[in-house]
Amino acid sequence: MASSASVSASSEEITLTVRWSGKEYTVRVCGDDSVGELKRRICELTTVLPSRQKLLYPKVGSKLNDDSLFLSQLPFKSSSKMTMIGTTEEDIIVDPVESPEIVDDFEIGEEEALDIKDMEVNKRKLAKRINQFKVGLQSPCRKGKKLLVLDIDYTLFDHRSPAENPLQLMRPYLHEFLTSVYSEYDIMIWSATSMKWIKVKMGQLGVLDNPNYKITALLDHMAMITVQSSSGGVFDCKPLGLIWAQFPEFYNASNTIMFDDLRRNFVMNPQNGLIIKPFRKAHANRESDQELVKLTRYLLAIAELDDLSSLDHNNWELFAEYNAKRRRHT
C-alpha cells in the first residue's frame with residue numbers, strides 16, 4: 001500500500017513554465033500525470049500536437065520521450081522552466097498516410113478493466129478532466145434519446161490505405177447507418193486525434209452536414225485521460241463519465257454505448273463498450289464489409305431496452321441474429 005507521503009506527492013500540483021516560439025506558457029499538472037498528459041496540456045495552450053512536441057529539461061535527457069512516465073518520477077520542481085520544440089498543424093495534410101497512427105491494442109482482461117475503473121488515481125484524473133474539458137455541442141441533445149459514441153480510425157474510416165478520394169476509404173453503409181440509428185440515438189464522435197483532423201475527415205465524408213442526421217458533438221484527444229492499469233501499463237482512454245457529468249439530464253451509463261476497435265479506449269466504462277471489427281484495406285474489403293449493416297440492426301433492437309449497460313456487447317452478433325429470427329416468425 002502506498003504511504004500517505006507518496007500519495008500526497010503524486011497528487012501535489014506542479015506549475016511549469018514552457019518556453020516555445022518566443023513565448024512562455026504556464027502549465028499546471030500533478031505528479032500522477034504522465035508525460036503524455038503534460039504534452040496534452042501544452043497542446044491546449046499552443047495547438048502543437050503531442051506527437052509534434054520535443055521537450056527539453058536539464059538532467060532529464062530522453063526520459064521526456066516516454067509518454068507513459070509519471071511526472072513524479074522526474075526531478076521537476078514547481079515553477080521549473082522547460083523548452084518545447086514543435087510546429088503547429090496550420091496546413092494539415094489530408095492524405096490518409098499522413099494522418100496520425102494509433103498503436104495496436106494490447107489485451108485488457110475483464111477483471112483488470114474493473115480494477116482500472118475503480119482505482120482512485122484514475123477517478124481523480126477523470127474528475128480533473130471533467131473540470132478542464134468542456135464538450136462543445138454541434139447540435140442540441142435530444143430528451144429521451146440514447147447516446148452512441150463512435151471512434152473514427154478503422155471504425156468509420158480506413159485512414160492508412162492510399163486513395164485518390166477520401167470517400168473511397170469510408171466504411172460501407174456509413175450514411176445509411178447514421179441515418180437509421182439517429183432515430184433512436186444522439187451521435188457523438190470521439191477520436192484520439194486533433195479536432196482539426198476530425199473536422200477535416202468528417203467534412204470530407206459528408207458527415208457534418210448530412211440532411212438525414214445530425215452529430216451532437218465532436219471530442220478529440222484533449223478529452224482523453226491517461227490511466228494506469230493494475231499490471232503497471234499506462235495508456236490513454238476515452239472516459240464516458242466526462243460526457244455523463246456534463247449532460248446528466250440526457251446521458252448516463254444505462255443509455256450509452258460506444259463503438260471502438262480498441263478495447264482499451266473504453267476501459268473506464270467496459271460495460272458500455274462494443275469492439276467493432278476494424279475496417280482496413282478498403283479497396284479489398286469495400287464490397288464485403290457488412291459490419292455497419294449488422295450493427296444497425298443491433299442498435300435498433302436494443303434501443304427499446306431500459307439499461308444498455310446490463311448487456312454483454314461481446315455477444316452483439318448473436319443477439320442481432322436472434323432478434324432478426326424472432327421478428328421473422330412474428
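In which order do the five strands of the open sheet stand, and is their pairing parallel or antiparallel?

**View 1. The five-strand open sheet in the predicted model.** In this predicted model, the five strands follow the order 7-6-5-10-11, and their pairing is parallel. Strand 7 and strand 11 (273-275) stand at the edges with a single partner strand each, so one side of each is left without a neighbour in the sheet. On average, and with direction ignored, neighbouring strands of this sheet are turned by 25 degrees against each other. Strand 5 and strand 6 pair in the parallel sense over five bridges, while strand 5 and strand 10 pair, also in the parallel sense, over four bridges. Val149 has Met188 as its bridge partner in strand 6 and Met258 as its bridge partner in strand 10. Three bridges join strand 10 to strand 11, and these two strands run parallel; here Met258 has Gly273 of strand 11 as its bridge partner.

**View 2. Strand 10 and its two covered faces.** Five of the five residues of strand 10 are buried, so this strand is largely enclosed by the rest of the structure. In a regular strand the side chains alternate between the two faces of the sheet. On one side of strand 10 are Thr256, Met258 and Asp260, on the other are Ile257 and Phe259, and all of these residues are buried, which leaves both faces covered. Helix 9 lies across strand 5, strand 6, strand 10 and strand 11, and runs at about 165 degrees to strand 10.

**View 3. The largest nonpolar core and the surroundings of Tyr185.** The largest nonpolar core has 39 residues, and those with the most contacts inside it are Leu148, Phe177, Tyr185, Val207, Ile257, Phe259 and Leu299. Two or more residues of this core come from each of strand 5 (146-150), helix 5 (174-181), strand 6 (185-190), helix 6 (195-204), strand 10 (256-260), helix 9 (291-302) and helix 10 (316-328). Helix 9 gives the largest share of this core, with five residues. When its neighbours within four places in sequence are left aside, Tyr185 is in contact with Arg142, Lys145, Lys146, Leu147, Leu148, Ile257, Leu299, Ile302, Ala303 and Leu308. Another core, of 31 residues, lies apart from the largest one, and includes Cys43, Met188, Cys237 and Trp244.

**View 4. The buried side of helix 6.** Trp197, Ile198, Lys201 and Met202 are buried in helix 6. They cover an arc of only 120 degrees around the axis, which puts them on the same side of helix 6. An α-helix has 3.6 residues a turn, so residues three or four places apart point the same way. The buried residues of helix 6 pack against strand 6 and strand 7 (217-219). Helix 6 lies across these two strands, strand 6 and strand 7, and runs at about 130 degrees to strand 7. Just after helix 6, Gly206 takes a positive phi of about 75 degrees.

**View 5. The four-strand open sheet and helix 2.** The four strands of this open sheet have the order 2-1-4-3, with mixed pairing. Strand 2 (23-30) and strand 3 (54-56) stand at the edges, each with a single partner strand, so one side of each is left without a neighbour in the sheet. Neighbouring strands of this sheet are turned by 35 degrees against each other on average, direction ignored. Strand 1 (residues 13-20) and strand 2 pair in the antiparallel sense over eight bridges, and the bridge partner of Val18 in strand 2 is Tyr25. Helix 2 (residues 35-46) lies across strand 1, strand 2, strand 3 and strand 4 (80-85), running at about 140 degrees to strand 2.

**View 6. Pro58 in the loop between strand 3 and strand 4.** Pro58 has its place in the loop between strand 3 and strand 4. This residue, Pro58, is exposed, with a relative accessible area of 57%, the cut-off for exposed being over 50%. Pro58 and Phe76 are 18 residues apart in sequence, and their C-alpha atoms are 9.8 Å apart in space.

**View 7. Confidence along the chain.** The mean pLDDT of the chain is 86, and 85% of its residues reach 70 or more. Over residues 1-8 the pLDDT is below 50, and this stretch has one contact in the model beyond near neighbours in sequence. Over residues 91-105 the pLDDT is likewise below 50, and beyond near neighbours in sequence this stretch has 38 contacts in the model.

Technical notes
Residues numbered from 1 in each chain as written. Predicted model: local features only at pLDDT ≥ 70, side-chain atom pairs only at ≥ 80, totals over all residues. Heavy atoms only, no water. Core = buried A, V, L, I, M, F, W, Y, C linked by side-chain atoms within 4.5 Å. Buried < 20%, exposed > 50% of the residue type's maximum accessible area, 1.4 Å probe, protein only. Contact = heavy atoms within 4.5 Å. Arc of directions from axis to C-beta. Pairing = 2+ DSSP bridges. Axes fitted to C-alpha atoms, helices over the stretch in contact; angles between N-to-C directions. pLDDT = per-residue confidence, 0-100.
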